[in-house]
Amino acid sequence: MKFEVIVQPSAQAEMEAAYVSLARRAPISAARWYNRLLDAINSLADNPERCSLAPEDEYFSQEIRNLLYGKRKNVYRIIFTVQGTTVHVLHVRRGTRQELKPGEGTE
């Protein structure tokens with residue numbers, strides 16, 4: 001079964017901010033990074049349950065999952081929920097950032 005993947009505005013803004021930051025240092029690498037990030041997000045359409053529960057899951061009533069993207073110190077967490085046949089990408093955050101807390105945009 002295919003899932004519909006919806007990237008919420010908060011996640012889109014975080015993706016764009018990360019791209020701009022990377023592009024200042026390495027424009028070609030930043031474009032490649034962004035395209036691969038989109039591929040990773042789109043892969044959630046096939047089997048989102050393959051991803052582990054996020055550390056934040058304990059704070060919320062709905063399941064919060066994450067998909068890790070990147071390598072070493074440049075790992076990003078794609079934080080999402082699955083509701084029926086729809087995957088909602090809530091945030092795309094650096095792995096070093098603090099965990100998502102209640103009230104931080106899981107709508």
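Start by selecting Arg65 in this predicted model, and look across to β3, where Phe80 stands opposite Arg65. If you now widen the selection to both strands, you will find β2 and β3 running antiparallel and joined by five bridges. Colouring β2 by accessibility shows a strand that is mostly covered, with four of its five residues buried. Follow the chain into the hairpin of β2 and β3, which has six residues between the strands, and pause at Gly70, whose phi is positive, near 115°.

Return to Arg65 and display its side chain together with that of Glu63, since these two form a salt bridge in which the closest N and O atoms are 3.3 Å apart. Which of the two partners is buried, and which is partly exposed? Arg65 has a relative accessibility of 11% and, because buried means under 20%, counts as buried, whereas Glu63, with a relative accessible area of 44%, is partly exposed.

The structure holds three salt bridges, and the next one to select is that of Arg77 with Glu56, whose side chains meet at 2.6 Å, N to O. Arg77 lies in strand β3 (residues 76-83) and Glu56 in the loop between α2 and β2, so this pair ties together parts that are 21 residues apart in sequence. Both Arg77 and Glu56 are buried.

For the remaining stop of this kind, select Lys2 and Asp46, where the side chains meet in a salt bridge of 2.5 Å, N to O. The pair links distant parts of the chain, 44 residues apart, with Lys2 in the segment before β1 (4-7) and Asp46 in the loop between α2 (27-42) and β2 (65-69). Here Lys2 is exposed, with a relative accessible area of 59%, while Asp46, at 46% relative accessibility, counts as partly exposed.

Now hide these charged side chains and turn to the nonpolar interior. The largest nonpolar core has 21 residues, and Trp33, Leu37, Leu44, Ile78, Val89 and Val92 are those with the most contacts inside it. Two or more residues of this core come from each of α1 (9-25), α2, β2, β3 and β4 (86-94), and α2 gives the most, with six residues.

Within this core, centre the view on Leu44 and show what surrounds it; leaving aside neighbours within four places in sequence, Leu44 is in contact with Phe3, Val5, Arg50, Cys51, Leu67, Ile78, Phe80, Val87 and Val89. As a last selection, take Phe60, Ile64, Ile79 and Leu90, which are among the five residues of a second, separate core.

Notes: Residues numbered from 1 in each chain as written. Predicted model: local features only at pLDDT ≥ 70, side-chain atom pairs only at ≥ 80, totals over all residues. Heavy atoms only, no water. Salt bridge = Lys/Arg side-chain N within 4 Å of Asp/Glu carboxyl O. Buried < 20%, exposed > 50% of the residue type's maximum accessible area, 1.4 Å probe, protein only. Pairing = 2+ DSSP bridges. Core = buried A, V, L, I, M, F, W, Y, C linked by side-chain atoms within 4.5 Å. Contact = heavy atoms within 4.5 Å.
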